[in-house]
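Work through the exercises below with the sequence and the coordinates open. Try each task before reading its solution.

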Amino acid sequence: IHAVTDGVVTIDEDRKIVLFNRAAEAMFGIGADDALGSPIERFLEHLSISNSPGPEGATPVVSSAGSLQALIGRKQDGRTFPVEASLSRLQMEREALTTIVLRDITARITADAERRAHEALEASNKAKTEFLSRMSHELRTPLNAVIGFSKLLRLDTTTPLSLEQLERVQHVENAGAHLLALVNDVLDLSRIEAGEMSVSPEAVPLLRVIEEAATMVSPLVTKAGIEVFLAAELPASNSEQRAGTQFAPPGDLWVKADPVRLRQVLVNLLSNAVKYNRPGGRVALTWKRSGNDCEVL
């Protein structure tokens, strides 16, 4: 019995412990000498044994060889843990003894919880994938319509638009194309599931991308009454400006970047600057060149 890896505890008809093996000592954190003679309720909550008076509230269970009960074990220091108990009764000459084989099932319960959490996560990911797949058509179709009709308006020779109208339509077309590129990224399920984001660096005229980003946030700017300044020089109060930092001319600076990502960063930068500004405030977007690097501030 002492060589068994499971805890083995034997109790008499008064539910007092008469045997406590080494595995039980390790399981409950107490020596056999201290455990012998103690009521089984000291270590197991709500143990049910047929033909034996149990604690108040315990449900009587007919216990035969190999019958299992899921119980709560209590260590010597008061900590509790889940155990699985297999009970068997042996009728001796003077009394009946009940042997309880105990197994700590904490690891099993933890593994089951992790498995259920993993299954729930997989179900959630599957639902997300299905949702994005279904939304693909609904998102792309109206965006393509916006871009397509913007081009038709811009190229219409029968009723040509004025220069101001052409500029506005071009802004709509550019914003639609930018949004479509972002939607395509969101709907690229293979990259999302792989945790990757594609980047396609190319030569990009910085000023043009900055102006496009500023145009996209112009409705926010107008609503908040914010002034936005785009300049290739920092304000005169800036210490770097006083130190004579060199700045690239506004129309002559090309950078190596992904145009969609760069535009997205600039839009977020400007929208946050407007959002957290004060009414009637100002936003200055500046850029400077230092060697082969360009910094936007």
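Buried means under 20% relative accessible area, exposed over 50%, and partly exposed in between (1.4 Å probe, protein chains only). This is a predicted model: local features need pLDDT of at least 70, side-chain atom pairs count only at pLDDT 80 or more, and totals for chains, interfaces and linings use all residues. Residues are numbered from 1 along each chain as its sequence is written, and side-chain values use heavy atoms, with hydrogens and water left out.

**Exercise 1. Classify Asp6 and Arg103 by accessibility, then describe their salt bridge.**

Step 1. Take Asp6. Its relative accessible area is 14%, so Asp6 is buried.

Step 2. Take Arg103. Its relative accessibility is 41%, so Arg103 counts as partly exposed.

Step 3. Apply the criterion. A salt bridge is a side-chain nitrogen of Lys or Arg within 4 Å of a carboxyl oxygen of Asp or Glu. The closest N and O atoms of Asp6 and Arg103 are 2.7 Å apart, and the two form a salt bridge.

Step 4. Place the pair. Helices (H or I, at least four residues) and strands (E, at least two) are DSSP runs, numbered from the N terminus. Asp6 sits in the segment before β1 (7-11), and Arg103 in strand β6 (residues 96-104); the two are 97 residues apart, so the pair links distant parts of the chain.

**Exercise 2. Give the overall counts for the protein chain.**

Step 1. Count the elements. The chain has nine helices and eleven strands.

Step 2. Take the burial. Of the 297 residues in the chain, 32% are buried.

Step 3. Take the surface. By the Shrake-Rupley method with a 1.4 Å probe, where for residues only the protein chains shown count as cover, the accessible surface comes to about 18500 Å². Carbon and sulfur atoms own 55% of that surface.

Step 4. Take the contacts (heavy atoms within 4.5 Å). Among contacts between residues at least 6 apart in sequence, 54% join residues at least 24 apart.

Step 5. Count the salt bridges. The whole structure holds twelve.

**Exercise 3. Which secondary structure elements hold Arg263 and Glu212?**

Step 1. Find the bridge. Arg263 and Glu212 meet in a salt bridge through their side chains, at 2.9 Å from N to O.

Step 2. Locate both ends. Arg263 belongs to helix α9 (residues 259-275) and Glu212 to helix α6 (residues 206-216), 51 residues apart.

Step 3. Check burial. Arg263 is buried, because its relative accessible area is 12%. Glu212 also counts as buried, at 17%.

Step 4. List the neighbours of Glu212. Not counting residues up to four places away in sequence, Glu212 touches Asn174 and Arg263.

**Exercise 4. Describe the sheet that contains β10, and the helices on it.**

Step 1. Order the strands. Two strands pair if DSSP finds at least two bridges between them. Three strands form an open sheet in the order β8-β10-β11, with mixed pairing.

Step 2. Find the edges. They are β8 (227-231) and β11 (293-296), each of which pairs on one side only.

Step 3. Take the angles. Axes are lines fitted to C-alpha atoms, for helices over the stretch in contact, and angles run from 0 to 180 degrees between N-to-C directions. With direction ignored, neighbouring strands of this sheet are turned by 10° against each other on average.

Step 4. Look at one pairing. Strand β10 (residues 282-290) and β11 run antiparallel and are joined by four bridges. Lys288 stands opposite Glu295 in β11.

Step 5. Add the helices. α6 lies across β8, β10 and β11, at about 165° to β10. α9 packs on the sheet too, touching β10 and β11, and its direction makes about 145° with that of β10.

**Exercise 5. How many residues lie between β1 and β2 in their hairpin?**

Step 1. Check the pairing. β1 and strand β2 (residues 17-20) run antiparallel, joined by three bridges.

Step 2. Name a partner. Thr10 has Leu19 in β2 as its bridge partner.

Step 3. Read the turn. Five residues lie between the two strands of the hairpin. Arg15 in the turn has a positive phi of about 65°.

**Exercise 6. Is Val146 buried, partly exposed or exposed?**

Step 1. Locate the residue. Val146 is in helix α3 (residues 106-155).

Step 2. Classify. Val146 is partly exposed, because its relative accessibility is 38%.

Step 3. Compare sequence and space. Val146 and Gly176 are 30 residues apart in sequence, and their C-alpha atoms are 6.7 Å apart.
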